[in-house]
Amino acid sequence: MATDFDACVIGTGQSGPAVAARLTGQSLKTAIIERKLFGTCVNVGCIPIKTLVASARAAYMGRRAADFGVVIDGAIGIDMKRVKARKDEVVRQ
Ligand SMILES: Cc1cc2nc3c(=O)[nH]c(=O)nc-3n(C[C@H](O)[C@H](O)[C@H](O)COP(=O)(O)OP(=O)(O)OC[C@H]3O[C@@H](n4cnc5c(N)ncnc54)[C@H](O)[C@@H]3O)c2cc1C
């Protein structure tokens, strides 16, 4: 493993990977140090939260379907395992 670098980026949040790409684009040998996950937003922040909110909104709209003249036979239920599986799949992508 290389031990000499021209630059070092600490953290792979919103800007870390972009900064690293800029540096390598200038032919600078760049190290990235990440202590845990590749960024909050994608793994535990914006992206997973928005997928959960999208599922909640689908349930909300389903329960309000009659207000829009849409007939749904049966109750609107929430399968949290599937909600989580969808969230995990979006995060994985
Ligand atoms: C639940 C939640 C929901 C959110 N929803 C939204 C939203 O809908 N819209 C929005 O705009 N923002 C949202 N945010 C905020 C958004 O996630 C952050 O603003 C964004 O991630 C900040 O980016 P960053 O690069 O500053 O830090 P981060 O994404 O946190 O990245 C920092 C990285 O550096 C690493 N690191 C830190 N210190 C060290 C070290 N000493 N050594 C090695 N690695 C280190 C960390 O492990 C991390 O991977 C949300 C945040 C949370 C928690």
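Two exercises with worked solutions follow, one on helix α1 and one on the ligand.

The model is predicted, so local features need pLDDT of at least 70 and side-chain atom pairs count only at pLDDT 80 or more, while totals for chains, interfaces and linings use all residues. Residues are numbered from 1 along each chain as its sequence is written, and side-chain values use heavy atoms, with hydrogens and water left out.

**Exercise 1.** Determine which residues of helix α1 are buried and what they pack against.

*Solution.* Start with α1, residues 16-25 (helices are DSSP runs of H or I, at least four residues, and strands runs of E, at least two, numbered from the N terminus), in which Gly16, Ala20 and Leu23 are buried, that is, under 20% relative accessible area with a 1.4 Å probe and protein chains only, exposed being over 50%. Viewed down the axis of α1, the buried residues fall within an arc of 60° and therefore line one face of the helix, the arc being that of the directions from the helix axis to the C-beta atoms. These buried residues pack against β1 (7-10) and β2 (30-33), where contact means heavy atoms within 4.5 Å. Finally, the face turned away from the buried side carries exposed Arg22 and Gly25.

**Exercise 2.** Identify the backbone polar contacts of the ligand with Gln14, Arg35 and Gly39.

*Solution.* Take pairs of N or O atoms within 3.5 Å as polar contacts. A polar backbone atom of Gln14 is 2.7 Å from a ligand oxygen, one of Arg35 is 3.1 Å from a ligand nitrogen, and a backbone N or O atom of Gly39 lies 3.4 Å from a ligand oxygen.

Methods
A polar contact is a pair of N or O atoms within 3.5 Å; within protein, one must be able to donate a hydrogen and the other to accept it, and residues adjacent in sequence count only if both atoms are side-chain atoms.
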